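Open the model in your viewer and keep a selection box at hand. The stops below run from two helices to charged pairs and then to a pocket.

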Amino acid sequence: MEEKRTASGVAAMAAYYQRFDPAAYLQYNYTPPRADFERKDSIVPWKLACLHRAFNEGDVSGELLVDIGSGPTLYQVLSGCEVFSKVLLTDFLEVNREELKHWLQDDGGCNLDWTPYLQHVCKLEGRRRPSAWTEKAAKLRQVITDILPIDVHRPQPLAHDALPSAGADCLVSCFCLESVSPDLAAFTRALGHIGRLLRPGGHLLLIGALGESYYFGGPGVKIPVVPLTEAQVCDSLKESGYTLIRLEVYTLPQDMRVGVDDVTGVFFAKARKD
């Protein structure tokens, strides 16, 4: 009975996403004020700083980085592409995979200009040459090996031959698991599922929403979210076979609450697979 209820909950979540609009989602979340690179308290610069620090502390290394549930965004691999020689992007939705392909192929079909993001991460890295961001864009296009379908609710989320047998060296996942799970138990299970893609001792860099019960994935497309607490994130990681290295929390200023969700904060977790 429990399995049937879980399956119906997951199916209901998948149905919500059939109307997901990448262009609207990008406009809602990846333009000012949430992506204001002149403000230190803007949410996107905070996320980029967390990722930059985590990728450059010396313990995150290897060859293959896998982004779990990329959505229509690239910011989450802008630091990692300097550390890993192979980057694999993944998403459940074909519309999101198509959005990413537009950028990868540089065909002018993107719904967001990622230039300010590339420039900001170059500054974090101390690279201030005018050409630095174009070099980073070229590097990212060079190291992205594929953009694949994924289903985090399956015990084997990717096709069986998608990864080397040893697994990925690092996973990054941003605003995916809590946004596609019907409840906390499904979120925790999904953490365990993606952990099977990671080699023992490999790292997980996880960004997600705190206290969020819904967000808009397009005009009138209200998608339910598991409203997480910091303690629940820590417990779910431990239960799923990870050792937490660091948890950081960002609290949204009032003017970042722009009516496209009810999120109150964002967490960044750096963890290692046991």
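Contact, as used on this tour, means heavy atoms within 4.5 Å. Helices (H or I, at least four residues) and strands (E, at least two) are DSSP runs, numbered from the N terminus. The model is predicted, so local features need pLDDT of at least 70 and side-chain atom pairs count only at pLDDT 80 or more, while totals for chains, interfaces and linings use all residues. Residues are numbered from 1 along each chain as its sequence is written, and side-chain values use heavy atoms, with hydrogens and water left out.

**Stop 1: helix H4**

Select residues 94–105, which form H4. The end C-alpha atoms of H4 are 16 Å apart, in agreement with the 16 Å that its 12 residues should span at 1.5 Å a residue; the expected span is 1.5 Å times one less than the number of residues. Now colour Asn96, Arg97, Glu99, Leu100 and Trp103, which are buried (under 20% relative accessible area; exposed is over 50%, partly exposed in between, with a 1.4 Å probe and protein chains only). These residues cover an arc of only 155 degrees around the axis, so they sit on the same side of H4. The arc is that of the directions from the helix axis to the C-beta atoms. Show H2, S2, H6 and S3 as well, since the buried residues of H4 pack against them. On the face turned away from the buried side, look for the exposed residues Glu94 and Gln105. Just after H4, Asp106 has a positive phi of about 55 degrees.

**Stop 2: helix H6**

Move to residues 132–143, helix H6. From first C-alpha to last, the 12 residues of H6 reach 17 Å, close to the expected 16 Å. Which residues of H6 are buried? They are Ala132, Lys136, Ala137, Leu140 and Val143. Seen down the axis of H6, the buried residues fall within an arc of 140 degrees, so they line one face of the helix. Their cover includes S2 (86–91), H4, H5 (115–124) and S3 (144–149).

**Stop 3: salt bridges**

Side chains of opposite charge can pair when their charged atoms come close. The structure holds 20 salt bridges (a side-chain nitrogen of Lys or Arg within 4 Å of a carboxyl oxygen of Asp or Glu). Lys136 of H6 belongs to a network of them that also links Glu82, Glu125, Arg127, Arg129, Glu135 and Lys139.

Next select Arg39, which is partly exposed at 23% relative accessibility. Arg39 bridges to Asp41, with the closest N and O atoms 2.8 Å apart, and to Asp255, at 2.7 Å. The pair of Arg39 and Asp255 links distant parts of the chain, 216 residues apart: Arg39 lies in the loop between H2 (22–29) and H3 (43–55), Asp255 in the loop between S8 (242–251) and S9 (265–273).

Then pick Glu63 and Lys86, whose side chains meet in a salt bridge (3.4 Å, N to O). Glu63 is in the loop between H3 and S1 (64–68), and Lys86 is in S2.

**Stop 4: the largest pocket**

Finish by selecting Tyr17, Phe175, Cys176, Ser179 and Tyr215, the closest to the centre of the largest pocket among its 38 lining residues. About 620 Å³ of space lies in this pocket. H1 gives the largest share of the lining, three residues.

A pocket here is an open set of points on a 1 Å grid over the protein atoms alone, where a 1.4 Å probe fits, with protein on both sides within 12 Å along at least five of seven lines; lining residues have an atom within 4 Å of a point. Grid points are joined across faces, edges and corners, and the volume is the space filled by probe spheres set on the points.
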